[in-house]
Every structure is written in structure tokens, then in C-alpha cells.
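User: I'm new to this one and would like a careful walk through how its parts pack together. Can you put it up so we can start?

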Amino acid sequence: MIILPAIDLKDGKCVRLYRGDFATAHQVAESASETAAAFQAAGAEWIHMVDLDGARSGTRNNSGLVRQVAEITGLNVELGGGMRSMADLEAADAMGVSRMVIGSAAVDRPAFVKEAVARYGERVAVGIDALDGRVRTGGWEHDSGLDAVAFARQMEGMGVTCLIYTDIATDGMLSGPSFGALEALMRAVCCNIVASGGVTTLEDIKGLRDMGLYGAIIGKACYAGTINLAEAIAAAKGT
């Protein structure tokens with residue numbers, strides 16, 4: 001299992017939110033590139049970045065920081081937030097992004113996902129952000145009415161091979177991941193699944209690893225110090 005430490009960007013700053021609420025945004029680090037370098041020093045090979053401005057409004061104010069992280073560290077960057085068109089994917093590709101995460105646009109325009117997969121293959125992932133089992137869109141602010149598991153099956157049918165599943169209720173809460181929801185998703189599809197939200201302790205990492213998940217995103221726990229990233233990466237590998 002791979003570990004993806006997270007950097008969320010808003011107005012050029014590294015921030016964290018509680019349960020996706022933009023009103024709770026607070027800065028957690030001074031420099032995206034320095035934070036990424038520290039993650040790399042701990043053994044990370046991937047990093048999960050989210051352009052919160054792009055997710056909410058489509059305004060891409062943080063592209064320079066994403067490019068900087070990719071160029072300076074050489075890490076595999078997984079980027080989400082505001083991926084709404086082929087032009088957005090092309091821009092991410094030009095920044096050096098390894099995997100592009102389509103979120104709200106996958107709900108609104110499934111045909112876009114099919115086109116994206118045809119062009120970029122396994123470099124395209126779909127983010128499923130769910131609250132009470134229902135997919136949320138627009139920076140988690142809107143209820144799509146779609147069942148998360150049914151939506152996952154639809155995306156698999158479009159050729160998507162990687163899903164990033166975020167349980168909004170646990171995101172930023174240091175309360176542990178939603179093992180039940182992740183198990184249901186794994187039973188429903190054959191995609192690689194990345195767990196996001198609530199990953200807090202080494203026991204969480206070991207539990208997700210033993211479930212057979214492809215990856216786990218660690219966000220607030222890295223900044224709050226509830227987990228040692230180097231130890232988490234070792235545990236994910238079973239060492």
C-alpha cells in the first residue's frame with residue numbers, strides 16, 4: 001500500500017479544513033515545496049495535492065506551487081480540485097502531475113471521464129467525496145443525490161482504474177477512517193482504492209493495508225503529529 005501525505009492549497013497557502021468546511025480553513029505550513037521535501041525525506045514517493053480554489057470556483061491560483069513541488073522534489077504528484085475539462089488535465093500534465101483526480105465533473109459530465117481515460121489511461125482517477133453514503137460536489141458543498149457505491153460502479157464502467165474515496169464526516173477530524181464504507185466499496189468494484197479522511201494512527205494504516213487497499217492519504221495527522229510519516233510508510237509496506 002502506498003502512503004500519500006497531503007497538501008491542500010488555498011490562496012497560495014497550505015491549509016487544512018474540518019469536514020470540508022471552507023470557513024474552517026487554517027494554515028498548517030509555510031511552504032508547499034518545503035513541506036513536500038520533508039515528506040520526501042520521510043520516504044514518501046507520492047504526494048496528494050488539492051487545489052481548493054479550483055475545487056470551489058474553478059480559479060486556478062495555485063498552479064505555480066504545484067509545478068514547484070513536482071519540479072523540486074520529483075515526487076509523484078496526485079492533483080485534485082477543479083479538474084473540469086481536457087484543458088485542465090493538459091495544464092496539470094504540463095505542471096508535471098502524475099495522476100489527475102476528477103471530482104465534481106465526473107458527476108456532472110461522465111462522458112468527460114471516458115474521454116479523459118481514453119487519453120490519459122491510468123493517470124486519471126476519480127474522487128468520490130461522500131457524506132452519509134451520498135456523493136457531494138462543488139468542494140463538498142452540494143449533495144448530488146447519487147449513491148457513492150453505485151457511482152463507483154458507473155466510473156469503473158467508464159474505464160477508471162483508481163478511485164479516491166473521502167468520507168467527509170471523518171476528514172480532518174482525527175477520528176479514524178470509515179472502514180465499513182471502504183469495505184463496501186472494495187466489494188463493489190475492482191478499482192484501486194485510495195482511502196482519504198480520518199487516517200490518524202499506525203493502527204489505521206495497518207488496518208487499511210490488511211484490507212488490501214491500494215493507498216491511503218494522510219492529511220491532518222501529519223501536521224498534528226499523531227502519526228510519524230516514516231513509520232506509516234514502513235507499516236504500509238508491511239516492514
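Analyst: Bear in mind that this is a predicted model. A good place to begin is the contact between two helices, where Leu-202, Ile-205, Lys-206 and Arg-209 of H9 meet Glu-231, Ala-232, Ala-235 and Ala-236 of H11.

User: What is the make-up of that contact of H9 with H11, by class?

Analyst: The contact of H9 with H11 has five nonpolar and three charged residues, with no polar ones.

User: At what angle do H9 and H11 pack?

Analyst: Helix H9, residues 202–211, and helix H11, residues 229–236, pack at an angle of about 20°, and their axes are 9 Å apart. Because angles under 35 degrees count as roughly parallel, H9 is roughly parallel to H11. The crossing of the two helices is right-handed.

User: Switching topic, which residues have the most contacts inside the largest nonpolar core?

Analyst: Those are Ile-102 and Ile-218, in a core of 67 residues. Leaving aside residues up to four places away in sequence, Ile-218 touches Ile-3, Leu-4, Pro-5, Ala-6, Val-199, Ile-205, Ile-227, Leu-229 and Ala-232. Another core, of nine residues, lies apart from the largest one, and among its members are Ala-6, Trp-46, Ala-125 and Cys-162.

User: And H4, which of its residues are buried?

Analyst: In H4, which spans residues 86–95, the buried residues are Met-86, Asp-88, Leu-89, Ala-92 and Met-95.

User: What covers them?

Analyst: The cover includes helix H3 (63–73), strand E5 (76–80), strand E6 (99–102) and helix H6 (110–120).

User: What follows H4?

Analyst: Gly-96 follows H4, and its phi is positive, near 95°.

Conventions: Residues are numbered from 1 along each chain as its sequence is written. This is a predicted model: local features need pLDDT of at least 70, side-chain atom pairs count only at pLDDT 80 or more; totals for chains, interfaces and linings use all residues. Side-chain values use heavy atoms; hydrogens and water are left out. A nonpolar core is a set of buried Ala, Val, Leu, Ile, Met, Phe, Trp, Tyr and Cys residues joined through side-chain atoms within 4.5 Å. Buried means under 20% relative accessible area, exposed over 50%, partly exposed in between (1.4 Å probe, protein chains only). Contact means heavy atoms within 4.5 Å. Axes are lines fitted to C-alpha atoms, for helices over the stretch in contact, and angles run from 0 to 180 degrees between N-to-C directions. Helices (H or I, at least four residues) and strands (E, at least two) are DSSP runs, numbered from the N terminus. Angles under 35 degrees count as roughly parallel, over 145 as roughly antiparallel, 65 to 115 as roughly perpendicular and the rest as oblique. A crossing is left-handed if the near helix is turned anticlockwise from the far one by less than a right angle, and right-handed if clockwise. Ala, Val, Leu, Ile, Met, Phe, Trp, Tyr, Cys and Pro count as nonpolar, Asp, Glu, Lys and Arg as charged, and the others, Gly among them, as polar.
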